[in-house]
Amino acid sequence: MNIVWLKRDLRLRDHAAIQAAIAEGSPFFLLYIFDSDLLDAPDSDVRHWRFIQQSLNDLNQQLQPHTTRVYVVFEKSEIAFQKILQHFEVKHVFSHEETGNKISFDRDIAIGQMLSTQNVQWHEFQTNGVVRGLKNRDRWDEAWRKFMIQPPADFNLGPTNFYAIRDEEWNALFPRKIPATFHEKATLFQPGGEMNAWKYLQTFLQDRHIHYSKSISKPLLSRKACSRLSPYLAYGNLSIRQVYQMTLALLGTAKSKKDLYNFLSRLHWHCHFIQKFESECRIEFENFNRA
């Protein structure tokens with residue numbers, strides 16, 4: 001059997017890792033790990049984990065017709081994979097690349113070494129036009145646009161795609177429960193999840209975008225005139241490609257083309273600055289400007 005390891009790609013559409021797992025042909029299950037190292041990091045807060053839990057709840061609701069769910073672990077990632085590899089015969093792991101802090105990067109290096117020693121193939125896929133191992137950004141803009149116009153990595157899920165794990169078997173393997181605070185409803189915060197992400201995108205493209213350019217720097221006005229998609233893009237409830245292509249499709253009938261063109265430029269900037277961090281990760285610990 002195979003694993004699709006979910007990280008910052010909490011959606012069922014335009015998902016290259018799930019698409020590849022289906023194409024490989026073996027049953028797989030969806031895995032999410034609340035990594036204890038990341039939970040304890042200074043840039044972590046319970047509001048992040050609540051949003052992720054809401055996103056997982058959304059996925060599980062969508063997966064009900066397929067009689068499966070996302071299998072969640074509250075554990076250090078290396079320990080989680082050690083237990084899984086000891087208990088199951090895993091052939092492939094599929095995931096998206098993640099541009100995160102040094103903790104997540106060190107985690108991925110350790111997991112990669114572990115999977116390699118166990119003869120498990122790990123297949124990673126590009127995220128939102130951000131290219132790993134890029135030597136320079138001379139032609140990055142061109143590559144980004146090519147990535148954005150490619151057809152989304154969509155697929156049809158069927159009952160034979162999933163590997164069934166009994167709840168008692170999984171709970172015996174991972175008895176630690178998700179903290180109750182993750183399940184608390186946080187008022188005044190946008191709710192996580194793929195379905196909520198689409199609602200925000202649709203209302204923005206329908207009419208909220210009309211005053212986007214004039215309101216983007218005004219705290220009160222921007223609450224409605226801006227897209228409000230930042231958390232959904234950060235945790236992958238939507239891909240940049242989905243937003244980019246849907247915005248392009250509506251340009252012809254848009255109430256304000258100028259505002260949508262300005263919005264499209266911000267989608268490009270989003271990936272541009274993540275690419276900078278991917279290429280110069282020293283800026284997590286050093287001033288970006290050396291002077």
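1. Length of helix 3. In this predicted model, helix 3 covers residues 46–63. Its 18 residues, at 1.5 Å a residue, should span 26 Å, and the C-alpha atoms at its ends are 25 Å apart, so the expected and computed values agree.

2. Start and surroundings of helix 3. The N-terminal end of helix 3 is capped by Asp45, which places a side-chain oxygen 3.0 Å from the backbone nitrogen of Arg47. Within the helix, the buried residues are Trp49, Arg50, Phe51, Ile52, Gln53, Ser55, Leu56, Asp58, Leu59, Gln62 and Leu63. Charged residues are found on this list, including Arg50 and Asp58. Gln61 also belongs to helix 3, but Gln61 is exposed, with a relative accessibility of 58%. The C-alpha atoms of Gln61 and Gly192 are separated by 13 Å, although the two residues are 131 residues apart along the chain.

3. Nonpolar cores. The largest nonpolar core has 53 residues, and those that touch the most other members are Val4, Leu30, Tyr32 and Phe34. Helix 3 is the element that gives the most to this core, contributing six residues. There is also a second, separate core of 24 residues, and among its members are Tyr71, Ala80, Leu115 and Phe174. Which residues does Val4 touch, not counting residues up to four places away in sequence? Val4 touches His15, Ala17, Ile18, Ala21, Phe28, Phe29, Leu30, Leu31 and Phe94.

4. The two sides of helix 6. Helix 6 runs over residues 140–149, and its buried residues are Trp140, Trp144, Phe147 and Met148. Viewed down the helix axis, these buried residues fall within an arc of 100°, and therefore they line one face of helix 6. Lys146 and Ile149, on the other side of helix 6, are exposed. The partners of the buried residues of helix 6 are helix 13 (240–250) and helix 14 (257–279), against which they pack.

5. Length and packing of helix 14. The 23 residues of helix 14 should span 33 Å at 1.5 Å a residue; the end C-alpha atoms are 33 Å apart, so the two values agree. Buried residues of helix 14 include Asp259, Leu260, Phe263, Leu264, Leu267 and His268. Others on the buried list are Cys271, Gln275, Lys276, Phe277 and Glu278. The buried residues of helix 14 pack against helix 6, helix 9 (194–206), helix 10 (212–215), helix 12 and helix 13.

6. Glu278. Is Glu278 of helix 14 buried or exposed? Glu278, found in helix 14, is buried, with a relative accessible area of 18%, and the cut-off for buried is under 20%. The side chain of Glu278 makes a polar contact, at 3.1 Å, with the side chain of Arg132. Leaving out residues up to four places away in sequence, Glu278 touches Thr99, Val130, Val131, Arg132 and Gly133.

7. Cysteines. How many disulfides does the structure hold? The structure holds zero disulfides. A disulfide is a covalent bond between the sulfur atoms of two cysteines. For Cys271, the closest cysteine sulfur is that of Cys226, at 18 Å, which is too far for a bond. For Cys281, the closest cysteine sulfur is that of Cys271, at 18 Å, and this too is too far for a bond. For comparison with these distances, the cut-off for a disulfide is a pair of cysteine sulfur atoms within 2.5 Å. Cys271 is buried, with a relative accessible area of 0%, whereas Cys281 is partly exposed, with a relative accessible area of 47%.

8. Positive phi angles. Most residues other than glycine have a negative phi. Asn119 is not a glycine, yet its phi is positive, near 60°. Asn119 is found in the loop between helix 5 (102–117) and strand 5 (121–125), and Asn119 counts as exposed at 67% relative accessibility. Arg228 likewise has a positive phi, of about 65°, although it is not a glycine. The place of Arg228 is the loop between helix 11 (219–225) and helix 12 (230–234). Arg228 is partly exposed, with a relative accessible area of 30%.

Key. Residues numbered from 1 in each chain as written. Predicted model: local features only at pLDDT ≥ 70, side-chain atom pairs only at ≥ 80, totals over all residues. Heavy atoms only, no water. Helix = DSSP H or I, 4+ residues; strand = E, 2+ residues; numbered from the N terminus. Expected span 1.5 Å × (residues − 1). Buried < 20%, exposed > 50% of the residue type's maximum accessible area, 1.4 Å probe, protein only. Polar contact = N/O pair within 3.5 Å; in protein donor to acceptor, adjacent residues only side chain to side chain. Arc of directions from axis to C-beta. Contact = heavy atoms within 4.5 Å. Core = buried A, V, L, I, M, F, W, Y, C linked by side-chain atoms within 4.5 Å.
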